Amino acid sequence: MRKPGKMIMEVLSHLFKKPATIGYPFVKPELPGTFRGQIRFITQKCVGCKLCVKDCPAEAISITQVGPKEDKRFEATFLLDQCMYCGQCVESCNKEAL
């Protein structure tokens, strides 16, 4: 166990240091230029080829058809807890729907 005098000196020295954390809700963090973020899906551009599903290494995407086959409307489901945010699905999409 440390001596009480040393511990008090340690506490007092940290009172005048800059905090190691940021004030997140009040101060927005600066994100790097290469930050990808959450994937967005544009329903109107998707043709249902499912290349993104095939190329996803984490198997975090599923594409399903919505409505009748004549409409050719598709919906994407992203499992964000499995997604590695690698961007492979975005690169493999021919129609730029992601």
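**Entry 1: the hairpin**

I began with the turn of the hairpin that β1 and β2 form, where six residues lie between the two strands and glycine 67 has a positive phi of about 80°. I note at the outset that this is a predicted model, and I read every value below as computed from it.

I then looked at how the strands are matched: β1 and β2 pair in the antiparallel sense, and six bridges join them. For the register I took two pairs, the one in which valine 66 stands opposite arginine 73 of β2, and the one in which serine 62 has threonine 77 of β2 as its bridge partner.

**Entry 2: the core**

Which residues have the most contacts inside the largest nonpolar core? I found Cys52, Ile61, Ile63 and Cys89 in that position, in a core of 15 residues. The strands of the hairpin take part here, since I see that β1 (61-66) and β2 (73-78) each supply at least two residues of this core.

I followed cysteine 89 further and, leaving aside neighbours within four places in sequence, I listed its contacts as Ile39, Cys52, Ile61 and Leu98.

**Entry 3: positive phi outside glycine**

I searched for residues other than glycine with a positive phi, and I noted lysine 50, whose phi is near 60°, and glutamate 96, whose phi is near 55°. Lysine 50 sits in the loop between α1 and α2 (51-55), while glutamate 96 belongs to the segment after α3 (88-92).

Is each of these side chains buried or exposed? Lysine 50 has a relative accessibility of 38% and therefore counts as partly exposed, whereas glutamate 96, at 55%, counts as exposed because the cut-off for that class is over 50%.

**Entry 4: alanine 58 and methionine 84**

I next turned to alanine 58, which I located in the loop between α2 and β1. Its relative accessible area is 19%, so I record alanine 58 as buried, the limit being under 20%.

What does alanine 58 touch, once residues up to four places away in sequence are not counted? I found Gln82 and Met84. For the second of these I also checked the backbone, and the C-alpha atoms of alanine 58 and methionine 84 are 6.8 Å apart in space, although 26 residues separate them in sequence.

**Entry 5: cysteine 86 and proline 57**

I placed cysteine 86 in the loop between β2 and α3, and I read its relative accessible area as 32%, which means that it is partly exposed. Beyond its neighbours within four places in sequence, cysteine 86 is in contact with Arg36 and Pro57. From cysteine 86 to proline 57 I noted a C-alpha to C-alpha distance of 8.8 Å, with their positions 29 residues apart in sequence.

**Entry 6: cysteine 93 and glutamate 10**

I looked up cysteine 93 in the segment after α3, where its relative accessible area of 15% makes it buried, because the limit is under 20%. How far apart are the C-alpha atoms of cysteine 93 and glutamate 10? I found a separation of 56 Å for this pair, whose members are 83 residues apart along the chain.

**Entry 7: a nonpolar surface patch**

I closed with the surface, where Met7, Ile8, Met9, Val11, Leu12, Leu15 and Phe16 form a nonpolar patch with about 800 Å² of accessible area together. From this patch I picked leucine 12, which is found in helix α1 (residues 4-15). Leucine 12 has a relative accessible area of 40%, so I entered it as partly exposed.

Conventions. Residues are numbered from 1 along each chain as its sequence is written. This is a predicted model: local features need pLDDT of at least 70, side-chain atom pairs count only at pLDDT 80 or more; totals for chains, interfaces and linings use all residues. Side-chain values use heavy atoms; hydrogens and water are left out. A nonpolar core is a set of buried Ala, Val, Leu, Ile, Met, Phe, Trp, Tyr and Cys residues joined through side-chain atoms within 4.5 Å. Buried means under 20% relative accessible area, exposed over 50%, partly exposed in between (1.4 Å probe, protein chains only). Helices (H or I, at least four residues) and strands (E, at least two) are DSSP runs, numbered from the N terminus. Contact means heavy atoms within 4.5 Å. Patches are made of residues with over 30% relative accessible area and no salt bridge: like charges are joined within 9 Å, nonpolar side chains (Val, Leu, Ile, Met, Phe, Trp, Tyr) within 5 Å. Accessible areas come from the Shrake-Rupley method with a 1.4 Å probe; for residues, only the protein chains shown count as cover. A salt bridge is a side-chain nitrogen of Lys or Arg within 4 Å of a carboxyl oxygen of Asp or Glu. Two strands pair if DSSP finds at least two bridges between them.
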